[in-house]
Amino acid sequence: MKELSYFKPKEIENRSFEIITQELGRINPNLCDNAVLKRVIHTTADFDYADNLIFSDNAIESGIKALKGKAVILSDTNMTKAGINKTALNKLRCNAECFMSDADVASRAEAEGCTRAKASMDKAVSIKSPLIITIGNAPTALIRVFELIKEGRLAPCLVVGVPVGFVNVVESKELFLNENPGVPYIIARGRKGGSTVSAAIINALMYEALKI
């Protein structure tokens, strides 16, 4: 049996990103500078994101500007919120929020006969700070964000749309890809995504913001 080497945590991360950069270079050298994409691949070990992760014009720049402006990062799951790097968040003086467990959101969802995810996005209208919305689980949340933008009631600096699953997942993403929402977005086309991908994108943006 071949003896395996033990690496320190930072060495593992550095070597992982070296491998990712090499693989991306073989797929498309133009993708090698995309720190967000590389962070997603690092999180998932899935190079399909090289084709599936779609960035609107100025999406990364808009996200970084919002983070440097003390943004509120609103997620559709507490899992995404938990995965956001708190050290980076605090350094940028930003806040991470998830309204899914709020009593008023539960009451609104029950009264309207809708999901809490949808109701939690309605609550986002009250946020006055620069806003980044990241959706990793609930397509109903992403659909509602699109509707609120189109109604002129919500103007996030960036929408991250990476819900995972089968029901309305693809359709919710295609809203952004096929109809110009008027705001910057990062969308994972197809069924793939999830809370870990959602958090990875936010973390990558924060790390880039802290470099500037």
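How many salt bridges does the structure hold? There are 17 of them, and this tour visits a few before moving on to the sheet and a serine beside it. Keep in mind that you are looking at a predicted model.

**Stop 1: a pair within one helix**

Select helix 1, residues 9-27. Now show the side chains of Arg26 and Glu23, which meet in a salt bridge with N and O 2.5 Å apart. The two residues are three apart in this helix, or about one turn. Colour them by accessibility if your viewer allows. Arg26 counts as exposed because its relative accessibility is 59%, over the 50% cut-off. Glu23 has 28% and therefore counts as partly exposed.

**Stop 2: Asp122 and its two arginines**

Next, select Asp122 and Arg108. Their side chains form a salt bridge, with an N to O distance of 3.9 Å. Asp122 belongs to helix 8 (residues 116-123) and Arg108 to helix 7 (residues 103-112), so this pair ties together parts that are 14 residues apart in sequence. Is Asp122 buried or exposed? Its relative accessible area is 5%, so Asp122 is buried; the cut-off for that is under 20%. Arg108, at 33% relative accessibility, counts as partly exposed.

Keep Asp122 on screen and add Arg144. These two also form a salt bridge, and here the closest N and O atoms are 2.7 Å apart. Arg144 sits in helix 9 (residues 139-150) and Asp122 in helix 8, so the bridge links distant parts of the chain, 22 residues apart. Both Arg144 and Asp122 are buried.

Now widen the selection to Arg108, Glu112, Lys118, Asp122, Arg144, Glu147, Glu151 and Arg153. Through salt bridges that share partners, these residues are joined into one network.

**Stop 3: the sheet**

Hide the side chains and switch to a cartoon view. What you should find is an open sheet of six strands, in the order 1-6-5-4-2-3 and with mixed pairing. Which strands stand at the edges? They are strand 1 (53-55) and strand 3 (95-98); each has a single partner strand, so one side of each is left without a neighbour in the sheet. Looking across the sheet, the twist from one strand to the next averages 15°.

Zoom in on strand 1 and strand 6 (residues 185-188). They pair in the antiparallel sense, over three bridges. Pick out Ile54 and you will see Ile187 of strand 6 standing opposite.

Bring back helix 9, the home of Arg144. Helix 9 packs on the sheet, where it touches strand 4 (131-135) and strand 5 (158-161), and its direction makes about 155° with that of strand 5. Then add helix 10, which lies across strand 1, strand 5 and strand 6 and runs at about 140° to strand 6.

**Stop 4: Ser172 in helix 10**

For the last stop, select Ser172, which is found in helix 10 (residues 169-178). Ser172 counts as buried because its relative accessibility is 0%. What does Ser172 touch, beyond residues up to four places away in sequence? Show Pro139, Leu142, Ile143 and Pro163 to see those contacts. Finally, draw a C-alpha to C-alpha distance from Ser172 to Val162: the two are 10 residues apart in sequence and 9.6 Å apart in space.

How values were computed: Residues numbered from 1 in each chain as written. Predicted model: local features only at pLDDT ≥ 70, side-chain atom pairs only at ≥ 80, totals over all residues. Heavy atoms only, no water. Helix = DSSP H or I, 4+ residues; strand = E, 2+ residues; numbered from the N terminus. Buried < 20%, exposed > 50% of the residue type's maximum accessible area, 1.4 Å probe, protein only. Contact = heavy atoms within 4.5 Å. Salt bridge = Lys/Arg side-chain N within 4 Å of Asp/Glu carboxyl O. Pairing = 2+ DSSP bridges. Axes fitted to C-alpha atoms, helices over the stretch in contact; angles between N-to-C directions.
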